Each structure stands twice: as structure tokens, then as C-alpha cells.
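Grab a coffee and work through these exercises with the model open beside you. Try each task before you read its solution.

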Amino acid sequence: MVVASTAGTISFREEVENLLHAEEGVSLIRCIQCATCSAACPAVEFMDHTPRELIALINAGMRDEVMASNTYWTCASCYACSEKCPEGIRPADVMYALTRYSLWKGTFNRDWVAPDFSRRFARTILRTGKSYEPGYAPAFIFEGGFPGMVREMRMAVRLLSRGRLPLIPSRIKRIRNLRAVVARILPLDGIE
Amino acid sequence: MSERRKVLIVDDDPDFVAGIRAILDREYDTVVAYNPKDGWDALKKDRYDLLCLDIMMGRGAEGVMMARKIRRDKELRNMPVLIITGLREQIAFLFPGQAVHPGFVPVDELMEKPVEPDLLLQKAAALIGASEARQGR
């Protein structure tokens, strides 16, 4: 949608859709509010707005409510909603678009675990080429309080006993090649 | 400078677009595309004297991809590109306090958001002038 020199600005919905211009899927205006996405979502009980509500808020142009919502940070990226949407909307892609939007605009809540985790994850991948779970533990193990900590530690022991948890971080071969690939897309300087 | 030059702005942030447009409209005819795909279509359809390009759009650093694509295109190669980015501020979270590497993308000039109106006009005029001198117009 190229806007001529006299035209005004665009709506919040169009702004979100522009973030999705390279993805498949149809316009959010097609949403019929059937809530199939919300019913399919395994993480919906942790969200303050269900995916259906979030799409309604976007279509209504309620930017502040959408940005303050934890819905898109809670999304587990299972893509059940995108699979099941009868109209062909891809809500999971919308969730990703909104996380990017909030990072770029700096509107995300600094107390949330998810943005911090994303940063640590990206950093780990750039250093070693793979995820190293014990590396995240010190930052997040206290999130669930004492019971959460005990739960996590029992899980870690079980994983360790089955050889599913590496104690020493390993590195992929030719990590420099991976870094070169990423450097084509993003400036690496600041991730580390 | 008898006729007004044409400037294309490709940026997905409507507020920022409204801002730089208000500045550039004083001296240029501006056209806006709010995503890289529409921007590319506009470039193919019409000739522009300057492109103002944002970096972080769509799935990621698509402005970078677009700048590289333009440099590979025979017709568009000579068009001056001014990258205006909030990169450092927008994703300070990912890139805290680092300058963008100069070899990162082949553009003529890079400015950081927020832009100074006078500086923007100055840079736009310089880029258009240099490009026209290069092409002998």
C-alpha cells in the first residue's frame, strides 16, 4: 500500500500487518472472532488477553492495551492457532511480530522473564552455536520461589541421570561461519 | 534546483514517517511506503532522487536487505540512499551502546533517530547534489 504524498497516516492494524508483509496469511480484518485460536492455545491460561481478544484489540486500534498485554510474550510458538484458524489468519506470526515491535520500540516490561531470556538465548547461540540450559539457570531459578527452585532442581537431577543435561558447554565446529551468517543480518557487536 | 525532487520514504513507523515527512515536504515531493515490499514496488514503478530507508522492519533487518538489493540493481544502483535508523535506541536491548559497523551495509549516509530537521535537509540536499553531479545532470 503505497500512500500518495497527500494521504494521512495508517492504522495500528495496518502497522502490525506491515510487520507481517513477508509472511503468509491474510489480513487481520478477516477475523470473525470465533475463538478457535484461543481454544487451541495451550498457553492461554497464562495470558491476560486471549489470542482472539488480542486480535480484536489490534483491529480496534487499541495500541496501548495491546502493548501492555503479556499475551505475545506468553505464546509458546506451537502454531496450533495458525493451523486451526478457519479464516487463514496466522496468530502465531502476529505474536512474533508484536514481540519484535515491542523490542524495537522498547515498550516491553523489563520485569518479564521472556525478553531477558530471549537476549540470553541469542547470546548463548552466538557464542557456542547451541543452547546450554544450565547457563540460564542462575538468572531464572528463583522465579518460582523456593518450591519452584526445588522443582527445577529435581528436574535437573532427572535430566542429568539420563544424560540429557550437559554439564560442560560444548561448541559447534566452525562457529565463525555461523557468526558470519548472522552478521549478514544483524550487527553482532551489541549482542555480546 | 527548479523542479522539486522526489523522495521515497520506506519506514514502518507511522509516527516517525509523519515527522520526517513534515520536514522533507518543505523542499521535496515525498512518497511513503510502510513496508519494504511496497517500497520496492514503488522504486520499480517510478524514479526517485533519494531514498530514506529504515533498518528494522518486517521480520528483522529488512532495510539492510533492501539496501543490498538496490546496490545489485542496475537501474537503482546510482540512487542515493539515506538510512535513518533508531537501531541503537530501538533495540538497545540487543545492541547496547554500539555504533553500527560502517561496512555493515552499502549506503551513502546513515543518520540516527531522532533526526535534527536542519541536518536531515542538509544531508538530503548533499546526497541529491552529489548524485546528480555524478550523473552529469
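**Warm-up: confidence**

In chain A, confidence bottoms out in strand β1 (residues 2–3), at a mean of 47, and peaks in helix α3 (residues 51–59), at 97. That's pLDDT, the predictor's confidence in each residue, from 0 to 100; helices (H or I, at least four residues) and strands (E, at least two) are DSSP runs, numbered from the N terminus. This is a predicted model, where local features need pLDDT of at least 70, side-chain atom pairs count only at pLDDT 80 or more, and totals for chains, interfaces and linings use all residues. Residues are numbered from 1 along each chain as its sequence is written, while chains are lettered from A and ligands numbered from 1 in the order in which they are written.

**Exercise 1.** Work out whether A:His49 is buried or exposed.

*Solution.*
- Step one: find A:His49 in the loop between α2 (36–40) and α3 of chain A.
- Step two: count neighbours; there are 20 other C-beta atoms within 10 Å, so A:His49 is buried. (Buried takes 20 or more, exposed 12 or fewer, partly exposed in between, with C-beta atoms placed from the backbone.)

**Exercise 2.** Decide how α2(B) lies relative to α3(B).

*Solution.*
- Step one: helix α2 (residues 36–45) and helix α3 (residues 62–72) of chain B pack at about 20 degrees, their axes 10 Å apart. (Axes are lines fitted to C-alpha atoms, for helices over the stretch in contact; angles run from 0 to 180 degrees between N-to-C directions.)
- Step two: that makes α2(B) roughly parallel to α3(B). (Under 35 degrees is roughly parallel, over 145 roughly antiparallel, 65 to 115 roughly perpendicular, the rest oblique.)
- Step three: the contact uses B:Pro36, B:Gly39 and B:Trp40 of α2(B), plus B:Glu62, B:Gly63 and B:Met66 of α3(B). (Contact means C-beta atoms, placed from the backbone, within 7 Å.)

Note on methods:
Contact = placed C-beta atoms within 7 Å.
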